[in-house]
Amino acid sequence: MDDHLNIDAARRELLIAGALSATTAALPGAANAQSAGAASPRQASSPTATPAPVTAKVALRVNGQRYEQEVDTRTTLLDLLRERLQLTGTKKGCDQGQCGACTVIADGRRINSCLSLAVMHEGSEITTIEGLGQPGKLHPLQAAFVKHDGYQCGYCTPGQICSAVGMLDEVQRGIPSHVSASLEARPLLSPMEMRERMSGNICRCGAYSNIMDAISEVSGTGSKA
Amino acid sequence: MRAFTYQRVKTPAEAASAAAATPNARFIAGGTNLLDLMKLEIETPAHLIDVNGIGMDRIEATQDGGLRVGALVRNTDLAADARVRRDYAVLSRALLAGASPQLRNKATTAGNLLQRTRCPYFYDTNQPCNKRLPNSGCSAIGGFNRHHAIVGTSEACIATHPSDMAVAMRVLDASVETVKADGSRRVIPIADFHRLPGDTPHIEHVLTPGELITAVTLPKPVGGRHFYQKVRDRSSYAFALVSVAAIIQPGGSGRVALGGVAHKPWRVPAAEQLLPRGGKAVTEQLLANARTSHDNAFKVTLVQRTIDGLLLEARKG
């Protein structure tokens, strides 16, 4: 494995030297170096042939710390966080954008990290559950989830909390939702609004009512709801 | 997932020429549908062209009083734009009815138009599917097809187009602007953008290989009451059984387009003339020649009742 990576790295240096400055290209083999500006991939011999892995460099900031990694282009942001950076707070649930367990905040917005390639986050600023708070210094939403028992198994919790952080920001920015009666009025965080806005996060244990209580407390809508 | 090479580009022209120069290349922007399909090896591009750096991420007024929506404007931002909320509410409503907030934060205007069907047989690589593998057969015809199309279908495919946004754009008479590898540009009316399945259900739109969507333009606002009613199996984060985009004018005239019933947003101008006569007359014209199965015959009734519900709402003023 190490040998393989070294060979890839050597190819990379060769290729980068030949690449046009406006184009960042990751190529599978030195044979393509002549056409590096156009970044043509290796010719597939047949539709079923398995192409050789391709790696590329990505530099990004996660929870305030800068990381530079050489990754297989197929690596999702989720797998980069968990497998390479050992930030295992972010969870892999469905791996297809349906459950929300992998929710992180990328450049200020909540996204599904399973449906985003690591190499597409060059220069990104990522916040994961580890970056929101730590034991002894919890984020208010983390503390509220503990207080209101907003989980059972806890697997969806990091995604729920990151999603709630993003959701409260979206409400603050006046972004309407499917259930907003008026598209132009400032949205209020009613229970119905909260359910709709958190619908991208599934809790298989069904801790939804306690999750609602936790978010309500932090958003200050608990008494008005 | 198959291995692929990856490249970032800075301009639409560079993107289009890179695609032309590279066999089996695909553009990637939000990636929320393409990556999902690549994991299942339903999509197997050898090369990805990341177009996030080309600009095209703004919403601008056009000279004729409409809006030009850049291809890379995220669904969240399009739905939240003050001009869209005020003048094109049907579009905001449609966008907000689709996917989840996390996905809308990533998904782009162009990508939304190009997303592929959610037919379960298209996703199940163990099953025949003419859209995934031409001439392999259609598992949905005669299979479980409660979610499937009832108009514009063929013997080869009864898949639906899953977009909510596109249905609203259809009712608004939007246009799709593109650039080709040779640098030429064209404007495609949304009505002509998506194709019916016919014998070639794997060809879903009229773009040529390497042609890149740069923007979607909306004509000047038409006024009226805007509605987007989506009926689905749960109240959020699900694809439509049927959806109705409607703009109803004070006199009772208006426009209607349907989602969840066809391989493209479904609109029949002749049916709209019948709006003052109620949902039944409109639906009979809209869904004339519908081919339903035991599983999805309910969609005809559901469309009629949804339209009637909106007309009632519109009359309330």
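In chain B of this predicted model, strand S5(B) is joined to strand S8 (residues 212–218) by four bridges. The two strands run antiparallel. Within this pairing, Gly70(B) stands opposite Ala215(B) of S8(B).

S5(B) also pairs with strand S4(B). S4(B) covers residues 59–61, and S5(B) covers residues 67–70. Three bridges link them, again in the antiparallel sense. Ala61(B) has Leu67(B) of S5(B) as its bridge partner. S4(B) and S5(B) form a hairpin, with five residues between the strands. In this hairpin, Gly65(B) takes a positive phi near 90°. S5(B) therefore counts as paired with S4(B), since at least two bridges are needed for a pair. Strands of a sheet pair through backbone hydrogen bonds, in either a parallel or an antiparallel sense.

Chain B also holds an open sheet of three strands. Their order is S9-S10-S11, and the pairing is antiparallel. S9 (225–231) and S11 (254–259) of chain B are the edge strands. Each of these edge strands pairs on one side only. From one strand to the next, the twist averages 10°.

The pairing of S9(B) with S10(B) can be described in more detail. S10(B) spans residues 242–248 and is antiparallel to S9(B). Seven bridges connect S9(B) and S10(B). One bridge partnership sets Arg225(B) against Ile248(B) in S10(B). In a regular strand, side chains alternate between the two faces of the sheet.

A helix accompanies this sheet. Helix H13 of chain B, formed by residues 298–316, lies across S9, S10 and S11 of chain B. H13(B) runs at about 30° to S10(B).

Chain A was described as a whole. Chain A contains seven helices and six strands. Along the sequence, the elements of chain A follow the pattern α-β-β-β-α-β-β-β-α-α-α-α-α. The pattern of chain A thus opens with a helix and ends with a run of helices.

Burial and contacts complete the account of chain A. Chain A has 225 residues, and 48% of them are buried. Contacts in chain A were considered between residues at least 6 apart in sequence. Of these contacts, 50% join residues at least 24 apart. The exposed area of chain A is about 10,700 Å². Carbon and sulfur atoms supply 53% of that area in chain A.

Note on methods
Residues numbered from 1 in each chain as written. Chains lettered and ligands numbered in written order. Predicted model: local features only at pLDDT ≥ 70, side-chain atom pairs only at ≥ 80, totals over all residues. Heavy atoms only, no water. Axes fitted to C-alpha atoms, helices over the stretch in contact; angles between N-to-C directions. Contact = heavy atoms within 4.5 Å. Buried < 20%, exposed > 50% of the residue type's maximum accessible area, 1.4 Å probe, protein only. Areas by Shrake-Rupley, 256 points an atom, 1.4 Å probe, with all protein chains shown as cover.
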